[in-house]
Amino acid sequence: MKKNSNAVKGTASKSNGKTIKAKPDAAKGLRDLFVDELKDIYWAEKALTKAIPKMIKNATSEELVTALEEHLEATQQQVTRVEEVFEVIGEKVQAKKCEAMAGLIKEAEEIMESTEEGVVRDAGIISAAQKVEHYEIASYGTLCAFAKTLGEDDAVALLLETLNEEKDADSKLSEIAESSINIEAADKDGEEEEETETMVNTKRK
Ligand SMILES: [Fe+2]
């Protein structure tokens, strides 16, 4: 019995320790890694074309709806642009599940469920959308750097175009949040306090 538990422990320490055993198809160089990450962002962009419409349906601010609609259109173009990157580097177009984006999309749904419809949910949608944008900015930044090192100049140009679009989308969301939605959402806190106060006063009477 004791021997067995030791054996399990031994196995666990090998797989959960510092060094992870590489899969047979693991990247052997920067180009392989570049292609792998391209597959990841391709999956992520495609998933976003399905997730953003849900955010649009749940948003109430006209400004936010417009920004999300514009970003949905940009995202659809970005899917095509990633396909172009595969083409210019001579690789087959392929998607690989992006666990991070799957998680961020799931979190966006959770945020919508945990907020009252209106400005508060709008503020939540912006927070979720900006987390997505930051993941994309990091991904495209890395992809640009990899492509540069690999001398894939056409790919660099395409990736840079998307990177700038993501940065613009992020700034636009910050602007909307900070100029109106966050302030209006903060006012809702006051309303809630007032409501509670009225309830207490009514009870006292
Ligand atoms: Fe994107």
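How many residues does helix α5 have, and how far does α5 reach from its first C-alpha to its last? Before I answer, let me say that what we have in front of us is a predicted model. Helix α5, which covers residues 119-149, has 31 residues, and the reach from its first C-alpha to its last is 45 Å, close to the 45 Å expected at 1.5 Å a residue. Just after α5 comes Gly 151, which takes a positive phi of about 75°.

Let me turn now to the metal site. The iron ion is coordinated at 2.0 to 2.5 Å by Glu 45, which is listed with OE twice, by Gln 78 through OE1, and by Glu 136 and Glu 166, each through OE. Written along the sequence, the spacing of these donor residues is E-x32-Q-x57-E-x29-E. Within that set, the pair of Glu 45 in helix α2, residues 30-58, and Glu 136 in helix α5 links distant parts of the chain, the two being 91 residues apart. Both Glu 45 and Glu 136 are buried.

Since α2 carries Glu 45, I would like to stay with that helix and look at how it packs against helix α3, residues 62-88. The axes of α2 and α3 come within 9 Å and cross at roughly 155°, and because angles over 145 degrees count as roughly antiparallel, that makes α2 roughly antiparallel to α3. As for handedness, the crossing of these two helices, α2 and α3, is left-handed. Finally, if we divide the residues of the contact of α2 with α3 by character, we find 16 nonpolar, 5 polar and 5 charged.

Terms used: Residues numbered from 1 in each chain as written. Predicted model: local features only at pLDDT ≥ 70, side-chain atom pairs only at ≥ 80, totals over all residues. Heavy atoms only, no water. Helix = DSSP H or I, 4+ residues; strand = E, 2+ residues; numbered from the N terminus. Expected span 1.5 Å × (residues − 1). Donors = N, O, S within 2.8 Å, 3.2 Å for Na, K, Ca; no water. Buried < 20%, exposed > 50% of the residue type's maximum accessible area, 1.4 Å probe, protein only. Axes fitted to C-alpha atoms, helices over the stretch in contact; angles between N-to-C directions. Parallel < 35°, antiparallel > 145°, perpendicular 65-115°, else oblique. Left-handed = near helix turned anticlockwise from the far one by under 90°. Nonpolar A, V, L, I, M, F, W, Y, C, P; charged D, E, K, R; others polar.
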